Amino acid sequence: MPVRVFSPARRQLVLGGMALAALPAVAQAPAFPSKPIRLVVPYAAGGGADGNARLLAQPMSTLLGQPIVVENRPGASGIIAATAVLQAPADGYTVLFDTFPYAVNAVLRKLPFDPVKDLVPVSQAINMPNILVVPSSAPYKTFKEFIDYARANPGKLSYASYGAGGSAHLAAEMLKRDAGIDWLHVPYKGGAPAITDLLAGQVSAYFANPVSGLSYVQSGRLRALATTGTKRMEALPDVPTVMESGFKNFEVVEWNGFFVPAATPPAVIDRLSGAVRDATHQPETRRRLLSMGIEPVGNTPKEFGAFLQSQIARWAALVKTNGITVD
């Protein structure tokens, strides 16, 4: 059978036709996102993390042009939700919205996955400094008076938490270490029962997050002695930070952030990260967050990753120093 030999010009025409034939397949590849996104929250509906996720999902959905469906998968300190995300395709359509315990779990618990390698950060959405609150009838009116009282009465004061390893627990343990005070840990199954007993005087103090504690401070039922951020809370401008009260490295923030499986394409991660950034900086979203004592962040994957590493290192040191366990 004779071999057909094309001239250079004819060869270019043939190759050009083949290239054109391939173009429609490339053009038909849908841009991300082309369908609804599932946002998995490790906590029950109606809680602080759930409310924050839904608040942010609204502007993000508009920016991305697709619905964002919040799915609550509570239990096992976030492990159930994280596992569900890792079992989904790494395509950006299943996203984890996790909180403060994510970094603590890496230190305190044996996990069925590696929180640093198996999941990658997309963006830290918000920060929530805790508020050290006491009953309005307490004898101490300022943070200094509280510390002086605690030092003079070792073992007499108690502090509430919503469980071992949470920010309320670790903030109190950090204060125990840094201020040299001795007080009793009283864990509860959630923030609501902790505040109920605090109001009744059954416990002495509580590092409440703004979502659960701010309204009680504003109504006068609880007294705020200090906040745990690097700057004063806009919703409580007259309440000093623990840092400005003499404890220069004291910072505890409950954060919320977005994660995806490590194999997710970088372009998809960047698209999601940009949506978080733009959503948190929309004037109305920013106003709503600040009014609740929440600081908008919306940073890059690299910035969020560096923050997570610093958090893991911070809590690892405290766990070792104070002998903290989750039992």
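Let me start with one residue: R54 is partly exposed, because its relative accessible area is 36%. Throughout, buried means under 20% relative accessible area, exposed over 50%, and partly exposed in between, with a 1.4 Å probe and protein chains only. This is a predicted model, so local features need pLDDT of at least 70 and side-chain atom pairs count only at pLDDT 80 or more, while totals for chains, interfaces and linings use all residues. Residues are numbered from 1 along each chain as its sequence is written, and side-chain values use heavy atoms, with hydrogens and water left out.

Back to R54. Its side chain meets that of D50 in a salt bridge, 2.9 Å from N to O. By salt bridge I mean a side-chain nitrogen of Lys or Arg within 4 Å of a carboxyl oxygen of Asp or Glu. D50 and R54 both lie in helix 2, residues 48-64, four residues apart, about one turn of the helix. Helices (H or I, at least four residues) and strands (E, at least two) are DSSP runs, numbered from the N terminus. Unlike R54, which is partly exposed, D50 is buried, at a relative accessible area of 5%.

How many salt bridges does the structure hold? There are eight. Another one links K144 and D148, with the closest N and O atoms 2.9 Å apart. Both residues sit in helix 5, residues 143-152, again four residues apart, about one turn of the helix. K144 counts as exposed at 58% relative accessibility, and D148 is partly exposed at 35%. R277 and D278 also meet in a salt bridge, at 3.3 Å from N to O. R277 is partly exposed, with a relative accessible area of 40%, and so is D278, at 36%. Finally, R38, E71 and R73 are joined into one network by salt bridges that share partners.

Next, the sheets. Strands of a sheet pair through backbone hydrogen bonds, either parallel or antiparallel. Here, two strands count as paired if DSSP finds at least two bridges between them.

One open sheet has six strands in the order 2-1-3-10-4-11, with mixed pairing. Strand 2 (68-72) and strand 11 (295-296) stand at the edges with a single partner strand each, so one side of each has no neighbour in the sheet. Strand 4 and strand 11 run antiparallel and are joined by two bridges. N127 stands opposite E295 in strand 11. Helix 3, residues 79-87, lies across strand 1 (37-41), strand 3, strand 4 and strand 10, at about 155 degrees to strand 3. Axes are lines fitted to C-alpha atoms, for helices over the stretch in contact, and angles run from 0 to 180 degrees between N-to-C directions. Contact means heavy atoms within 4.5 Å.

Another open sheet has five strands, ordered 7-6-8-5-9, also with mixed pairing. Its edges are strand 7 (184-187) and strand 9 (222-227), each with a single partner strand, so one side of each is left without a neighbour in the sheet. The twist averages 30 degrees from one strand to the next. Strand 5, residues 131-135, pairs with strand 9 in the antiparallel sense over five bridges, and V134 has R223 in strand 9 as its bridge partner. Helix 6, residues 167-179, lies across strand 6 (158-161), strand 7 and strand 8 (205-208), running at about 150 degrees to strand 6.

Now helix 4, residues 101-108. Six of its eight residues are buried, so the helix is largely enclosed by the rest of the structure. The buried ones are P101, Y102, A103, V104, N105 and L108. Their cover includes strand 3 (94-99), strand 4 (119-129), helix 6, strand 10 and helix 11.

Y102 brings us to the aromatics: with W255, F259, F304 and F307, Y102 forms one aromatic cluster. The structure holds 14 aromatic pairs. Rings of Phe, Tyr and Trp (its six-membered ring) pair if their centres lie within 6.5 Å; planes under 30 degrees apart count as stacked, over 60 as edge-to-face and the rest as tilted. W255 and F304 are edge-to-face, because their ring centres are 5.6 Å apart and their planes stand at 80 degrees. W255 lies in strand 10 (residues 253-261) and F304 in helix 11 (residues 301-322), so the pair ties together parts 49 residues apart in sequence. Both residues are buried.

One last buried residue is T285, at 7% relative accessibility. T285 lies in helix 10, residues 283-291. Leaving aside residues up to four places away in sequence, T285 touches L55, L56, P59, A279 and T280.
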